[in-house]
Structure formats: C-alpha cells, structure tokens
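Here's a quick tour for anyone meeting this protein for the first time. Have a look at the picture, then read on.

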Amino acid sequence: MLLAVDVGAGTQDILLYREDMEPEGLYKMIMPSQTVVIARRIRSATDHGKDVFLHGDTMGGGPLTAAVRRHIASGFRVYATADAALSMHDNLQRVRSMGVEITQDPPEGCVDIRTCDVDLTALRRAFSSFDVDLPEAIAVAVQDHGFSPERSNRATRFDILRAALKNGGRIGDFAHREPPEVLSRMRAVWRHLREHNINALVMDTGPAAIFGALEDPECRTPALVINIGNGHTIGAIVDDGRITAIFEHHTSAMTPEKLRSIMKRLCEGTLTHKEIFEDGGHGAHIEHVPDEVRSILVTGPRRGVFVRSMKDPVQAAPWGGMMITGCVGLVRAWKALLG
C-alpha cells in the first residue's frame, strides 16, 4: 500500500493506493491544505486577542503568511522558530521585517501552532475512524521554489525544473527518495516522514499532475497537458514518457486568450523563457516538440473557465477523479523509482 498526498495551495488531496483494488474504488479525501488550516488557527488567535507561537517544519506559506501579516497588523505578536519562519520567506531578515520575532522560547500565554505540510496525526485519526491503517510508505507532492534567500525564488524554481528536463524529463527526474538541500520544503517533509519511520518519496506538485493526467483513458501521446491550479498553471508536452517542453505561470495572471496563445507557441516551440518570466511567471523551457500533438489534457481545480475556450480538450480525470490527478502521478513515480 501507498498513501499519496498532493499538497496544493487550497487543498491536500489524499489517496490510499492498493494494488488489489480497482482504481475508481480507492479510498480518497480532499481536505484543506495545512497552510489553510494553520491560517485559520492564526485568525482564531487574532479574533481572541492572543499572541501566536509558530514552531515545527518549513512548509508552504500563502494563506499562513497572509494570516501572520493580519495578526501583526491587528496589534498582536507572532513568535516563530527559524524553521517555521522560513515558511514565510527564505531570508529570515525579511521575516523579521514583517514583525515576526524569531525565537526558540516564546513568552507564556501564546497560542501554540505547529507548522507542517503533512499532519500524520490527523491523517491517522481520520483513517482510523474507518478502521483503516496508514501504510508505512507515503509519497508527498509539494511545490518547492528552492531555497533562495537572496535570489528570485521564481528563477531558482525554474532552474530546478529546467535541469530535470535536461536530465531526461522522465518521471523519476522529478521525484526524490532523498531530496537535495536546495529543495528545503521537500526536505522538511522528507525529514518529518523519516522521523516517523515512514518509507518516503517526495515530488513537485506540477510534474505530479502532468504525469498523473496521462492515466486518463482518452490520453493520446504526444500530449499537451495543462494543470490549472489554485495558485499556478503549468503546461507540458509529454512524448514517449518524457516532458520535452514546459512552462509555468501564476493562474491569477491567466486569461483564456492568454493561455491559448501560450499553449500554441509551446507546441510550435517558439515560447520563450524571457516572456513568461518577465510577465511574472516562473518560465518556459523547450528541449524539443513533436510534429503533432495528439491530445490536449486539462486538469486542475481552476480549469472550468478555460476549457470552454479550448478546442476539443480532454478534461482529465485519471482513475475516476480530477482532484486526485497529482496523487496518481505520485503512484506512478513510486512505481518508477521502486519498481
């Protein structure tokens, strides 16, 4: 068995994979992501006039960071350990400039909040309510921008994606049994799982969704796969099991017309890194493009407004569910790396 957890900006999508079950019948949950859960806890402390102490692992920021800013603006204090503070920015001086006080020993009376992308205790409790045990193997996808305290983390993140394409672009090039130091968010998840004697694999959310979408029965390769998430939109051409071209941007910057233009030029091989990066996105990289793209697969929770303007897209729902696309990619990565 394998537990696959795809951590997004809004939800964490959870799949318990068993080879003896039909894919459509596998146990699954779509729950708020930990950054959303922790942001709610901070907002509750704000409403009750309590200072906050954040401690634990480096994790995704987003709603957490917004809640911290609101808490401080409301006149209350936020204390954090260095690891927890790195969830808000890789440069701790930048975190201090927000008003966060970095310390291992907060004053008494603070609301104690543990930071983590994966809450094993909560997962065990949820599954045990239905007499289901968690397996000893867990694969987790998070979006890791790479540790970059001085440099743009958009540039660092895309350097990592580009290197994976140059290394071959296969699913195993995006997944890790032990992630490198630069992938600080993945390493925090990996260390947490290893401390609990979990057989762990970590992967980036974008490629997990790309490879997971290929399991849709209507997929025909070479394929263009677009994942339109709550925070980011990533698109890739997949040919012979390899990502050969890729772009990544922020979903908030997309319009249907803009996305169609980017998709067209990615397939033509004319999309440039410069135009995506200078538009505020992460970038684009093309190794090669096939003569023909046989299918366009679209997935992700924000896909609705975009698919109506596309010609004959496949709304990918691998194993019967769009929201588990990244989890399916994690299962594929697990099988690729561990046979």
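Before we start counting, one term: a residue is called buried when its relative accessible area is under 20%. By that yardstick, 52% of the 339 residues of the protein chain count as buried. Keep in mind that this is a predicted model.

What is the chain built from? It has twelve helices and 16 strands. The radius of gyration is 20 Å, close to the 20 Å that the globule rule gives for 339 residues, so the chain is as compact as a globular protein of that length. As for contacts between residues at least 6 apart in sequence, 66% of them join residues at least 24 apart.

Here are some overall values for the protein chain:

| Property | Value |
|---|---|
| Span of the C-alpha trace along the principal axes | about 65 × 50 × 35 Å |
| Exposed area | about 14700 Å² |
| Share of exposed area from carbon and sulfur atoms | 46% |
| Distance between the mean positions of the 39 positive and 43 negative charges | 4 Å |

Now zoom in on one sheet. Strands of a sheet pair through backbone hydrogen bonds, either parallel or antiparallel. Which order do the four strands of this open sheet take? They run S6-S5-S4-S7, with parallel pairing. At the edges sit strand S6 (101-102) and strand S7 (111-115), each of which pairs on one side only. Further in, strand S4 (residues 52-56) and strand S5 (residues 78-80) run parallel and are joined by three bridges. If you'd like a spot to find in the viewer, try Leu 54, which stands opposite Ala 80 in S5.

Notes:
Residues are numbered from 1 along each chain as its sequence is written. This is a predicted model: local features need pLDDT of at least 70, side-chain atom pairs count only at pLDDT 80 or more; totals for chains, interfaces and linings use all residues. Side-chain values use heavy atoms; hydrogens and water are left out. Helices (H or I, at least four residues) and strands (E, at least two) are DSSP runs, numbered from the N terminus. The radius of gyration is taken over C-alpha atoms; the globule rule is 2.2 Å times the number of residues to the power 0.38. Buried means under 20% relative accessible area, exposed over 50%, partly exposed in between (1.4 Å probe, protein chains only). Contact means heavy atoms within 4.5 Å. Accessible areas come from the Shrake-Rupley method with a 1.4 Å probe; for residues, only the protein chains shown count as cover. Lys and Arg count as positive and Asp and Glu as negative; His and the chain ends are not counted. The place of a charge is taken as NZ of Lys, CZ of Arg, CG of Asp or CD of Glu. Two strands pair if DSSP finds at least two bridges between them.
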